[in-house]
Amino acid sequence: MTARFSDGTEATGDVLIGCDGVGSFTRRWIDPDAPEPRFTGLLSIGGFARLPGLAPTPGVQRMIFGARGFFGYLVRTDGTVYWFANPNWSGVDPDRVRRMPTDQWLTELRELHAQDPFPVPQILAAADEVGAYPIYDLPHVPHWHRGRVVAVGDAVHATSPNAGQGASLALEDAVTLARCLRDRPSHPPAFDEYVRLRRPRAEEVVKYSRALGRRKAPGGSRLAVGLRDLMLPLVLRNATRDARNNHLYNHPVNWDGALSGA
Ligand SMILES: Cc1cc2nc3c(=O)[nH]c(=O)nc-3n(C[C@H](O)[C@H](O)[C@H](O)COP(=O)(O)OP(=O)(O)OC[C@H]3O[C@@H](n4cnc5c(N)ncnc54)[C@H](O)[C@@H]3O)c2cc1C
C-alpha cells in the first residue's frame, strides 16, 4: 500500500492503518457509503481566563450542571483558569458555529450561564477568547477494513467527549490491532479479529457517552432540569460504583496474552 499526502510525501507498507479522525478519508476509501458523522446537538466551547483570587484546583476539574447548560473549569497553580461549556444547539445548523465571532459567543454564554453559581458568571466575564466546535459521533460504521486498509479510533467510532473515553478507545484499538497482526497469520483474519474484539465496546461507549450528553443539555424546561437535579447525585454516585458501568472505565487490553486459536 502506498499513501500519498497533500504535502507531496508518501509512505509505503504491507498494510495501511487509517488513524485520521472523525473526518476520515480512510473510512470513505474503505466504504464510499460509510455513514457521515452525526451532530450530537452539543457544542464544546472553551478558553482561558484570569480571575484574581480564584484558588487553584490542583488535580481537580469542577463541573457544573447549570440550569441551562453544562460548564467545567480548573484553575492552574499560576492562576490561569481553563474553562469549557457545552451549550445545547439541537436543531441549529452546526456550520453556524464556525462563523460566529468571539464577542458573540461570549455574549451568548454570559447570558446562558447568568444564573449559575459562583464562579461561572465571573469566569465568563473575564474570558476574552474562545474556541468553538460542534460535537459529532459515529454510532455504527459497518465496515472497518477493506483489502489491506483498516481504520482505528475516531475514524470508525467517533464518540462525544462526555464519557471521556475517546482517546482510550483509540489507544486500545491500536494495541488490539497490533496484537491481532502479531498473532494471526495474515492481515485478513487479523482485521476480522480486530473488529470482533473492538466493535462491541466502541459502540457501547459511543451510546453511553451520548446518553450522558443528554443530561448536560436538559432542553430548558423547568421540569426536565428539576428531574435531572434530583437524579444526578444518584446517577453520578452509581456511575463509579455500578458494576454495569465500571467495565466502561476499566477496560483491560491483554497485550501479553496470545489470542485464542493463535
Ligand atoms: C471538544 C472535545 C473534547 C474531548 N475530550 C475528551 C476527553 O476529555 N477524554 C477523551 O478520552 N477524549 C476526548 N475527546 C475525544 C478524543 O479527542 C478523540 O476520541 C481522540 O482524539 C481520537 O483519536 P484519533 O487518533 O482516532 O483521532 P484524532 O485525535 O482526531 O487524530 C486524527 C489525526 O489525523 C490527522 N488527519 C486527518 N486527515 C488527515 C489526512 N488526510 N492526512 C494526514 N493527516 C490527517 C488529523 O489532523 C489528526 O491529527 C474529545 C473530543 C473533543 C472534540
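# A walk through two sheets and a bent helix

Start by selecting Phe48, Phe65, Phe70, Tyr82 and Phe84, which together form one aromatic cluster. Keep in mind as you look around that this is a predicted model.

**Inside the cluster**

Now keep just Phe65 and Phe70 in view. Their ring centres lie 4.8 Å apart and their planes meet at 75°; planes over 60 degrees apart count as edge-to-face, so that is what this pair is. How exposed or buried is each partner? Phe65 is partly exposed, with a relative accessible area of 23%, while Phe70 is buried, at 1%. These two residues are also bridge partners, with Phe70 sitting in β6.

**Along the hairpins**

Next, select β5 (62–65) and β6 (70–75). A hairpin through 4 residues joins β5 to β6, and the two strands run antiparallel with 4 bridges between them. Colour β6 by accessibility if your viewer allows: 5 of its 6 residues are buried, so this strand is mostly covered.

Carry on to β7 (80–86). β6 and β7 pair in the antiparallel sense, this time over 6 bridges. To find your place in the ladder, click on Phe71, which stands opposite Ala85 in β7. Then look at the turn: the hairpin of β6 and β7 has 4 residues between the strands, and Gly79 there takes a positive phi near 95°.

**The five-stranded sheet**

Zoom out a little. Which strands make up this open sheet, and in what order? There are 5 strands, arranged β5-β6-β7-β4-β8, with antiparallel pairing. β5 and β8 (131–137) stand at the edges with a single partner strand each, so one side of each has no neighbour in the sheet. Turn the view to follow the twist, which averages 20° from one strand to the next.

For the β8 side, select β4 (residues 38–50), which pairs with β8 in the antiparallel sense over 6 bridges. A handy landmark here is Leu43, opposite Pro134 in β8.

**Helices on the sheet**

With β4 still selected, add helix α3 (residues 102–112). α3 packs on the sheet and touches β4, β7 and β8, and its direction makes about 95° with that of β4. Then add helix α7 (residues 187–216), which also packs on the sheet; α7 touches β4, β5, β6, β7 and β8, with its direction at about 65° to that of β4.

Follow α7 from end to end. At 1.5 Å a residue, its 30 residues should span 44 Å, and the end C-alpha atoms are 42 Å apart, which agrees. Where does α7 bend? Centre on Arg198: the helix bends there by about 40°, and a proline, Pro200, follows within four residues.

**The three-stranded sheet**

Let α7 lead you to the last stop: the helix lies across β9 and β10, running at about 15° to β10. These strands belong to an open sheet of 3 strands, in the order β3-β10-β9, with mixed pairing. Its edge strands are β3 (16–18) and β9 (145–146), each pairing on one side only.

Finish by selecting β3 together with β10 (residues 149–151). The two pair in the parallel sense over 3 bridges, and Gly18 has Ala151 in β10 as its bridge partner.

Methods:
Residues numbered from 1 in each chain as written. Predicted model: local features only at pLDDT ≥ 70, side-chain atom pairs only at ≥ 80, totals over all residues. Heavy atoms only, no water. Pairing = 2+ DSSP bridges. Axes fitted to C-alpha atoms, helices over the stretch in contact; angles between N-to-C directions. Contact = heavy atoms within 4.5 Å. Expected span 1.5 Å × (residues − 1). Bend = angle between axes of the 7 residues up to and from the residue. Phe/Tyr/Trp six-rings, centres within 6.5 Å; stacked < 30°, edge-to-face > 60°. Buried < 20%, exposed > 50% of the residue type's maximum accessible area, 1.4 Å probe, protein only.
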